Amino acid sequence: MTRRLRPAGPPRHAVQTGPEGESICRPAEDDEFASRENVRILESWNTETDRELSIARARLGPGDATESHYLEGITERYLVIQGTGMVRIGTLPPAEVGPGDVVFIPAGVVQQITNTGSEDLVFYCICTPAFEEDRYSGVTRPSQDESIDP
């Protein structure tokens, strides 16, 4: 059975679009939803007209963690904007992250992040190409040296 990572239907955004395709997108805060890992997600940008990139804000409560997972064929970056955490990616040793840090996760590399602070850990997930739920795969056990070919 497939479990949805995001609700059905497009997010409700206030968008202004110009004649050259330039746009301003303003995600609605009430579109934030809980993923199957209980991570709060707000999709800032994930449209059918721009499959090259997606941007989502993620929030993890104190002590919460994502499951160990990887994205097939999608490179991901985390841009941390609030809180502190511990990230595990591929063969690197676990590392502390905080505001301003960027975490680069190549396609197919196992990743996991834990909120180690007393406030929400908030970060943007920037995916290229755009995130697609059928490219998300959980792994049964976190592993520092586990990598899956995209």
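Me: Among contacts between residues at least 6 apart in sequence, what share joins residues at least 24 apart?

Reply: Keep in mind that this is a predicted model. Take the contacts in the chain between residues at least 6 apart in sequence, then pick out the ones joining residues at least 24 apart. That share comes to 68%.

Me: How many helices and how many strands does the chain have?

Reply: Walk along from the N terminus and each element you meet is a β, right to the end of the run. The secondary structure therefore comes to 0 helices and 13 strands.

Me: What part of the 150 residues is buried?

Reply: Here a residue needs under 20% relative accessible area to pass as buried. For the outside, the chain exposes about 8400 Å², with carbon and sulfur atoms supplying 50% of that. As for the inside, buried residues make up 39%.

Me: Which strands stand at the edges of the open sheet of 6 strands?

Reply: The order in this sheet is β3-β4-β5-β12-β7-β10, and the pairing is antiparallel. Two of these strands have a single partner strand each, so one side of each is left without a neighbour in the sheet. Those edge strands are β3 and β10.

Me: In β10, which residue is the bridge partner of L79?

Reply: Strand β7, residues 75-82, pairs with β10 in the antiparallel sense, over 4 bridges. On the β10 side, the partner of L79 is V102.

Me: Which residues of β10 sit on its covered face?

Reply: Strand β10 spans residues 102-105 and has two faces. V102 and F104 belong to the uncovered one. The covered face has V103 and I105.

Me: Over how many bridges do β5 and β12 pair?

Reply: Strand β5 covers residues 50-60, and its pairing with β12 is antiparallel. One of the bridges gives R57 the partner Y124 in β12. The count for this pair of strands is 7 bridges.

Me: Why is the aromatic pair of Y78 and F123 called tilted?

Reply: A search of the whole structure turns up 1 aromatic pair. The ring centres of Y78 and F123 are 4.7 Å apart, with the planes at 50°. Planes under 30 degrees apart would count as stacked and over 60 as edge-to-face. With an angle of 50°, the pair is therefore tilted.

Me: How many residues apart are Y78 and F123?

Reply: Y78 sits in strand β7 and F123 in strand β12, residues 121-128, so the pair links distant parts of the chain. Both residues are buried. Their separation along the chain is 45 residues.

Me: In the largest nonpolar core, which residues touch the most other members?

Reply: This core has 18 residues. The elements giving two or more residues to it are β5, β7, β8, β10 and β12. Apart from it lies another core, of 5 residues, including L71 and C127. In the largest core, the residues touching the most other members are Y78, V87, V103, I113 and F123.

Me: Which residues is I113 in contact with, leaving aside neighbours within four places in sequence?

Reply: I113 is one of the core residues that touch the most other members. Its contacts reach D64, A65, T66, M86 and V97, among others. Also on the list are L60, Y78, V87, L121 and F123.

Me: Is Q112 buried or exposed?

Reply: You'll find Q112 in strand β11, residues 111-115. A polar atom of its side chain lies 3.3 Å from the backbone oxygen of T66. The relative accessible area of Q112 is 8%, so the residue is buried.

Me: With the side chain of which residue does N46 make a polar contact of 2.7 Å?

Reply: N46 lies in strand β4, residues 40-47. It counts as buried because its relative accessibility is 11%. A polar contact of 3.4 Å joins its side chain to that of E43. The 2.7 Å contact is with the side chain of R51.

Me: How far apart in space are N38 and R59, C-alpha to C-alpha?

Reply: N38 is in the loop between β3 and β4, and at 47% relative accessibility it counts as partly exposed. In sequence, N38 and R59 are 21 residues apart. In space, C-alpha to C-alpha, the distance is 9.1 Å.

Me: Which two residues does the cis peptide bond with omega of about -10° join?

Reply: Most peptide bonds are trans. For this cis one, look at the loop between β12 and β13, where P129 is found. The bond joins T128 and P129.

Note on methods:
Residues numbered from 1 in each chain as written. Predicted model: local features only at pLDDT ≥ 70, side-chain atom pairs only at ≥ 80, totals over all residues. Heavy atoms only, no water. Buried < 20%, exposed > 50% of the residue type's maximum accessible area, 1.4 Å probe, protein only. Pairing = 2+ DSSP bridges. Phe/Tyr/Trp six-rings, centres within 6.5 Å; stacked < 30°, edge-to-face > 60°. Polar contact = N/O pair within 3.5 Å; in protein donor to acceptor, adjacent residues only side chain to side chain. Core = buried A, V, L, I, M, F, W, Y, C linked by side-chain atoms within 4.5 Å. Contact = heavy atoms within 4.5 Å. Areas by Shrake-Rupley, 256 points an atom, 1.4 Å probe, with all protein chains shown as cover.
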